[in-house]
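Welcome, and please open your viewer. This tour will suggest what to select at each stop and tell you what is there.

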Amino acid sequence: MAEGPGVGTVRLLRGDARRLDGVVPGSVELVLTSPPYPMIPQWDEQFRALGATSYRAMLDVLADAWRACRRALVPGGLLAVVIGDALRRTEDGFRLWPNHAATLADAEAAGFRPLPYVLWKKPTNRPNAFLGSGFLPPNAYVTLDCEFVLVFRNGPLRRFPARDPRRERSRFTRPERDRWFSQVWEDVRGTRQAAPGRRTGAFPDRLAERLIRMFSVIGDTVLDPFAGTGTTVWAAARLGRSAIGVEWDAATYARLCADAGRRGLATGSASAPGAPPAVPRPGPRGPSGQAPGADGSVGRSPRRPRS
Ligand SMILES: C[S@@+](CC[C@H](N)C(=O)[O-])C[C@H]1O[C@@H](n2cnc3c(N)ncnc32)[C@H](O)[C@@H]1O
């Protein structure tokens, strides 16, 4: 099977998801990502550094990213967004902040076509956790134990030649299809956060692998504009896709590059024009570490595509 150069490569760019400098327009078949969630305190400082302090302004940061993703995607390319709602008390009292509904509307306004989505119900060790008035109605609250995998298409259906070999090799089995394409997923555990006191918002490898296999074919390019610990890009490389990861935070980007090294991916210096300056990150670990050199790395996956 002829596969073009670049299959299995990973490019890491330090940049801003709202611009995606360094990502060629119309070059990506799948965007798989999980952004910082608006109104989750963990991400307040980052949104503030991006100029967003109100709920609407936080959503606008993400809306700019959805527009940039649309520019990066091929016609028929897909966007899959893992996002959860938030519960938070403000001066107006306690309420739900409906991130999934806002993202559906904002991505549609950006020109995407909404498609059926997945409810990812994380198995929990605390099934009886509750908020509010406990056993007394009516002021108890439903537990938020689902995240959403929102799915969108950029324009018309993607077309393939008959019996396209890359598509044939990407086929899933009947049990995989039956399980993966049901709307509620209860068989994917959340992932342990990287280090005590350091919440990365990482999603599990299994989630990334499943979504990449559902929504792309071998040889495609998969982009994560909010790369974080790189779950999407490592999974994409393992599955014979090319991957691009964009990360704004200097320390997180440095860890991504170091991880690429540990995984045997050669690092280079593909530079992302307009990369943001390093910003100090508050929290238990203190200020961020050094950003590596000239903002960018290129790696090559040593593994062969799984077929
Ligand atoms: C929820 S985490 C992503 C976690 C990722 N899915 C994983 O498995 O590790 C969101 C990431 O987006 C990054 N980020 C926030 N704003 C950004 C922006 N404007 N451009 C690019 N990355 C950004 C954060 O630093 C954080 O690493």
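Below is a walk through the model, one selection at a time.

**The whole chain**

Begin with everything shown as a cartoon, and keep in mind that this is a predicted model. The chain contains eight helices and 13 strands. Its length is 307 residues, and 37% of them count as buried. Consider, too, the contacts between residues at least 6 apart in sequence: 75% of these join residues at least 24 apart.

**Helix 6**

Select residues 205-215, which form helix 6. Now colour its buried residues: L207, A208, R210, L211, I212, M214 and F215. What do the buried residues of helix 6 pack against? Their partners are strand 2, strand 3 (73-83), strand 9, helix 5 (174-180), strand 11 (221-224) and helix 7.

**Helix 6 with helix 7**

Keep helix 6 on screen and add helix 7, residues 231-238. The axes of the two helices lie 9 Å apart, and the packing angle is about 55°. Helix 6 and helix 7 are therefore oblique to each other. Turn the view until one helix lies in front of the other, and you can look for a right-handed crossing. To see where they meet, show side chains for D205, A208, E209 and I212 in helix 6, then for T231, T232, A235 and A236 in helix 7. Two residues of helix 6 in this meeting, A208 and I212, are also among its buried residues.

**Helix 8**

Next, select residues 250-262, which make up helix 8. How far apart are the end C-alpha atoms of helix 8? The distance is 18 Å, and this agrees with the 18 Å that its 13 residues should span at 1.5 Å a residue. Highlight A250, T252, Y253, L256, C257 and A260, the buried residues of helix 8. Look down the axis of helix 8: these buried residues fall within an arc of 165°, so they line one face of the helix. A general point helps here: an α-helix has 3.6 residues a turn, so residues three or four places apart point the same way. Just past helix 8, click on G264, where phi is positive, at about 80°.

**Unusual backbone spots**

The next three stops are about backbone angles. As background, most residues other than glycine have a negative phi, and most peptide bonds are trans.

- Select M39, in the loop between strand 2 (28-33) and helix 1 (44-49). M39 is not a glycine, yet its phi is positive, at about 70°. Is M39 buried or exposed? M39 is buried, because 20 other C-beta atoms lie within 10 Å.
- Move to R163, in the loop between strand 9 (146-153) and helix 4 (165-169). R163 also has a positive phi, near 50°. R163 counts as exposed, with 7 C-beta neighbours inside 10 Å.
- Zoom in on P137 and P138, which are joined by a cis peptide bond with an omega of about 5°. P138 sits in the loop between strand 7 (131-132) and strand 8 (140-141).

**Last stop: R95**

Finish by selecting R95 in strand 5, residues 93-97. R95 is exposed, with 12 other C-beta atoms within 10 Å. Then add Y141 and draw a line between the two C-alpha atoms: they are 9.9 Å apart, while R95 and Y141 are 46 residues apart along the chain.

Note on methods
Residues are numbered from 1 along each chain as its sequence is written. Helices (H or I, at least four residues) and strands (E, at least two) are DSSP runs, numbered from the N terminus. The expected span of a helix is 1.5 Å times one less than its number of residues. The arc is that of the directions from the helix axis to the C-beta atoms. Axes are lines fitted to C-alpha atoms, for helices over the stretch in contact, and angles run from 0 to 180 degrees between N-to-C directions. Angles under 35 degrees count as roughly parallel, over 145 as roughly antiparallel, 65 to 115 as roughly perpendicular and the rest as oblique. A crossing is left-handed if the near helix is turned anticlockwise from the far one by less than a right angle, and right-handed if clockwise. Two residues are in contact if their C-beta atoms, placed from the backbone, lie within 7 Å.
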